[in-house]
Amino acid sequence: MAKTTDMTRGKPLGLLMAFAVPLLLGGVCQQLYAVVDSAVVGRLIGVDAFAAVGAASFLSWMVINTILGFTQGFGILLAQRFGGKDVQSLRRGISMSILLAAVLGILFTAAGLLAAEPVLALLGTPADIVPDTLVYLRWLFAGTLITMAYNLSGNLLRALGNAKAPLAAVILSSILNVALDLLFVAVFRWGVAGVAAATVTAQLFSFLYCLWKLLSIPEARVCRKDFAFDPGTVKELLRLGGPLGFRDAVIAVGGLFVLSAVNRYGKLFVAGTTAAKKYFELMQLAAGALDGAFATYSAQNYGAGDLSRIKTGMRCVFRIALVCSVSIAVLVAFFGRPLIGLLVTGSPQDMAEITEVGYQNLLAIAAALPLLYLLYLYRCGLQGMGSTMAPMLSGFVELALRITSVTFLPAFLGRWGVYLADP
């Protein structure tokens, strides 16, 4: 039987770390896969393909992170009901979240497939990488329902305090993903389509594994009567998931403005910033793990009505976040240059430019990393307590500052104005 964890009892630090460590390990596996994935593209296909995948990243990230926002919001309600020991309402919440996820998945699939080409044109994507970028995006968007199912099932498990099953799913799917990458690209010669197909297939495997684990949890077993439409639960799910999904979409729009500025500098600049973004994803792994742990902890204890316990947990993760972020920033400053060269190969002249762009971008990100970690924690703490307005408004602040940065700073700072947009 899959294990659940009641985070309303026991020492907060121990509970948070026990929950965060599997999330961190899962994130490491995912990002190591992403690095291998990038290396497969950059070394087996070439610089143009590497830049094409980078040009696709923000648009695909926009859809994926909107899905993450919705499913995280759904998980908040389920964690609150689990913490409040209300099994019947928990099952209604699960069934309504499944229905909502199916509808949203269909809408996102259609929107992604229809918008891909005009958005790339609007962003001024270099013409020589547009064909590969479109192929990559269409494969990913065709698998949006799978992405939605995978993220929903993982968040349902975490809402019930089970971080180990999603970890196992990530480890197994990452291994499968790498194997399929090599098969589809090195053997079948499918190019960037093979990379995208490998990702979608691995996510399908992850969903099936998480579903199997969910079915072994008595509290999560829903039946036909649980799918009777419950407008109150649907409204609550949308109240919690809608602002978070909207926030992540708004943040991603800001990323598209940054990408538009990046594209103006040419494909080598795109390749360098793409490499930096891959390592940025590694740099924020600990933040994501603490975020996930504290969101579940906050939601369960809010459901149990114990606010003082939430404050105690916040003090614990605050200290951990500062130590982790400062340590990572120092490591990046020392080892950033050789790391960029691991992901892509090209002529010595091209590699010198790509490495310089990537390293400068990493330095800008590392300088503000502690602020990002604290943003994650305060935001997820509010979300866990059902307060979604401030986290949503923070997305608009990010959008405004990104647009301002890429519009005005390059005139004074050159490409450093682009690097500084995210921090």
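**Exercise 1. T273**

Task: Decide whether T273 is buried or exposed in this predicted model, and find which residues T273 is in contact with beyond its sequence neighbours.

Solution:
- Step 1. Read the relative accessible area of T273: 6%.
- Step 2. Apply the cut-off: buried means under 20%. T273 is therefore buried.
- Step 3. Place the residue. T273 belongs to helix α9, residues 267–283.
- Step 4. List the contacts, leaving aside neighbours within four places in sequence. They are V262, V357 and N361.

**Exercise 2. A49**

Task: Find the helix that holds A49, classify A49 as buried or exposed, and name the residues that A49 touches.

Solution:
- Step 1. Locate A49. Helix α2, residues 47–83, contains A49.
- Step 2. Check the relative accessible area. The value for A49 is 2%. The limit for buried is under 20%, so A49 is buried.
- Step 3. Look for partners. Not counting residues up to four places away in sequence, A49 touches V41, D132 and V192.
- Step 4. Try a distance. A49 and F227 are 178 residues apart along the chain, and 45 Å separates their C-alpha atoms.

**Exercise 3. The whole chain**

Task: Describe the chain by its secondary structure, its compactness and its surface.

Solution:
- Step 1. Count the elements. The chain has 15 helices and zero strands.
- Step 2. Test compactness. The radius of gyration is 21 Å, and the globule rule gives 22 Å for 423 residues. The two values are close, so the chain is as compact as a globular protein of that length.
- Step 3. Note the extent. The C-alpha trace spans about 60 × 45 × 35 Å along its principal axes.
- Step 4. Look at burial. Of the 423 residues, 56% are buried.
- Step 5. Look at contacts with a separation of 6 or more. Residues 24 or more positions apart account for 84% of them.
- Step 6. Turn to the surface. The chain exposes about 17400 Å², and 71% of this comes from carbon and sulfur atoms.
- Step 7. Count the charges. There are 31 positive and 21 negative side chains, and the centres of the two sets lie 10 Å apart.

**Exercise 4. Two bridges across the chain**

Task: Work out which parts of the chain are tied together by D6 and K85, and which are linked by R415 and E353.

Solution:
- Step 1. Start with the total. The whole structure has 11 salt bridges.
- Step 2. Take D6 and K85. Their side chains form a salt bridge at 3.2 Å, N to O.
- Step 3. Place both ends. D6 is in the segment before α1 (12–45), and K85 is in the loop between α2 and α3 (87–122), so the pair ties together parts 79 residues apart in sequence.
- Step 4. Check accessibility. D6 is partly exposed at 22%, and K85 is partly exposed at 47%.
- Step 5. Take R415 and E353. Their salt bridge is 2.9 Å, N to O.
- Step 6. Place these ends. R415 lies in the loop between α14 (389–413) and α15 (416–419), while E353 lies in helix α12 (residues 348–367), 62 residues apart.
- Step 7. Check accessibility again. R415 has 23% and is partly exposed. E353 has 30% and is partly exposed.

**Exercise 5. A bridge within one helix**

Task: Find where E398 and R402 lie and which network they join.

Solution:
- Step 1. Confirm the pair. The side chains of E398 and R402 meet in a salt bridge of 3.1 Å, N to O.
- Step 2. Locate the pair. Both residues lie in helix α14, four residues apart, about one turn of the helix.
- Step 3. Check burial. E398 and R402 are both buried.
- Step 4. Follow the shared partners. Salt bridges join K277, R379, E398, R402 and D422 into one network.

Terms used: Residues numbered from 1 in each chain as written. Predicted model: local features only at pLDDT ≥ 70, side-chain atom pairs only at ≥ 80, totals over all residues. Heavy atoms only, no water. Helix = DSSP H or I, 4+ residues; strand = E, 2+ residues; numbered from the N terminus. Buried < 20%, exposed > 50% of the residue type's maximum accessible area, 1.4 Å probe, protein only. Contact = heavy atoms within 4.5 Å. Rg over C-alpha atoms; globule rule 2.2 N^0.38 Å. Areas by Shrake-Rupley, 256 points an atom, 1.4 Å probe, with all protein chains shown as cover. Lys, Arg positive; Asp, Glu negative; His and termini not counted. Charge placed at Lys NZ, Arg CZ, Asp CG, Glu CD. Salt bridge = Lys/Arg side-chain N within 4 Å of Asp/Glu carboxyl O.
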